[in-house]
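Here's a quick tour of one helix and the neighbour it packs against. Have a look at the model first.

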Amino acid sequence: MALASFARRRAYLLSRNLSNSTSDVFKYSHSLTAFSRGFASSGSDDNDVVVIGGGPGGYVAAIKAAQLGLKTTCIEKRGTLGGTCLNVGCIPSKALLHSSHMYHEATHAFANHGVKFSSVEVDLPAMMAQKDKAVANLTRGIEGLFKKNKVNYVKGYGKFISPSEISVDTPDGGTAIVKGKNIIVATGSDVKSLPGITIDEKRIVSSTGALALSAIPRKLVVIGAGYIGLEMGSVWGRIGSEITVVEFAPDIVPTLDGEIRKQFQRSLEKQGMKFMLKTKVVGVDTSENGVKLTLEPAAGGEQTTLEADVVLVSAGRTPFTAGLGLDKIGVETDKIGRILVNERFASNVPGVFAIGDVIPGPMLAHKAEEDGVACVEFIAGKVGHVDYDKVPGVVYTHPEVASVGKTEEQVKALGVNYRVGKFPFMANSRAKAIDDAEGLVKILAEKETDKILGVHIMAPNAGELIHEAAIALQYDASSEDIARVCHAHPTMSEALKEAAMATYDKPIHI
């Protein structure tokens, strides 16, 4: 079926509420018709759409709403647009990951390519300045997009005083009232705290503090072996810190495919990262110059101590919904504060919607963006759709790890008969040519139909390679479909083609 006709059919089914492909996040049992408020609001409402939060979900929703001809206002408390992702998350971390990788390559790999230096050193202030420049340019860019699309931008902390009115505490100490027919909560998430550990952003830091350290710590302990912890551990480990990762669970990044996860951990260990799995922190002492952690096995047992100059708390994130006045207007939330919505992103209160990290689903910037577009399309009387089962995830270490679809463990749990195709980058000509061949591609496909169920890649630039797989899953492609597409040679993407060949038949180059 042609892509355009596929999209039209999906839109038709969703408009008729006949599709069963929506994620579990939308199983909230409210009638869709109860939320089809449209624009039948009182004449006192000034905006068609008001967005609370200017992060990836919020600013994208605001721009899309304006593009659809809706009068739109975006409220953001930070004073700069882009949210956590742009200001103290995705963007600054990727800037530091790239800079630290360049230093690591210069000290460990350049000589193999015939490039030699008499000395190489880290200029941390310059590295931080490059990061800050990238952030500043991008935040100004979003403001420019707001002006281009005629989005009204209000700086301040917004909270509900009614389902159609937001009170905004402005930076100058004043208060403004913003009214709207449809209000979208896009306030994102905040760092999850741990009992007994106080983050001071000096010796005990969150990811925000880890992005702004003024000196390279001799010993850095990371609490939490998820995406953020491993990325920030990689940054400081590459430029001289001794990294120890403490994780309560038995595995790192538990959402990853098990086979990929094990290879990934071995790769990080080869880079010098140490892991203490199935371990919990039971005490923190900051009375001396450094930090002393008291640890014990997750199942209980003898306690040990671990000293560090800096401790990074990276135990996940929690939805930022406190203080918004949701209880005042009767918006229903779950036990961790997430707003419950239906498949149109509507809460139980007519005219109030929510997207991104404040609703169930992956806490990822790109997922929030898709939420924002789809939500606004519904408000405008169009059809939007986000399939949370097909949202790619990436760990931006080196090698990167990227995945989309189901893991092998999930496929087994579903009782589906499946095949696995794998191809190592050691057999990929481009990877060998650039001397960066660690990793593999792994494809899971249904045995009877060859429909692709999941793709997992560990490789340099895996985050770029994964999108061919994401498109394949979106359109229910088979492994043979990918295998029969001509891939340019020599490229890293040929490994995906070969893994697809290995899934339904046999690869050529191994």
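Nine of the twelve residues of H7 are buried (under 20% relative accessible area with a 1.4 Å probe, protein chains only; exposed is over 50%, partly exposed in between), so the rest of the structure largely encloses this helix. The buried ones are Gly229, Leu230, Glu231, Met232, Gly233, Ser234, Val235, Trp236 and Arg238. Helices here are DSSP runs of H or I with at least four residues, strands are E runs of at least two, and both are numbered from the N terminus.

A word on the source: this is a predicted model, where local features need pLDDT of at least 70 and side-chain atom pairs count only at 80 or more, while totals for chains, interfaces and linings use all residues. Residues are numbered from 1 along each chain as its sequence is written, and side-chain values use heavy atoms, leaving out hydrogens and water.

How far apart are the end C-alpha atoms of H7? They sit 17 Å apart, which agrees with the 16 Å expected at 1.5 Å a residue (1.5 Å times one less than the number of residues). After H7 comes Gly240, with a positive phi near 130°.

The neighbour is H4: its axis and that of H7 come within 8 Å and cross at roughly 35° (lines fitted to C-alpha atoms over the stretch in contact, angles from 0 to 180 degrees between N-to-C directions). Here's who touches whom, with contact meaning heavy atoms within 4.5 Å:

| Helix | Residues in the contact |
|---|---|
| H4 (residues 90-108) | Ser93, Lys94, Leu96, Leu97, Ser100, His101, Tyr103, His104 |
| H7 (residues 227-238) | Glu231, Met232, Ser234, Val235, Arg238 |
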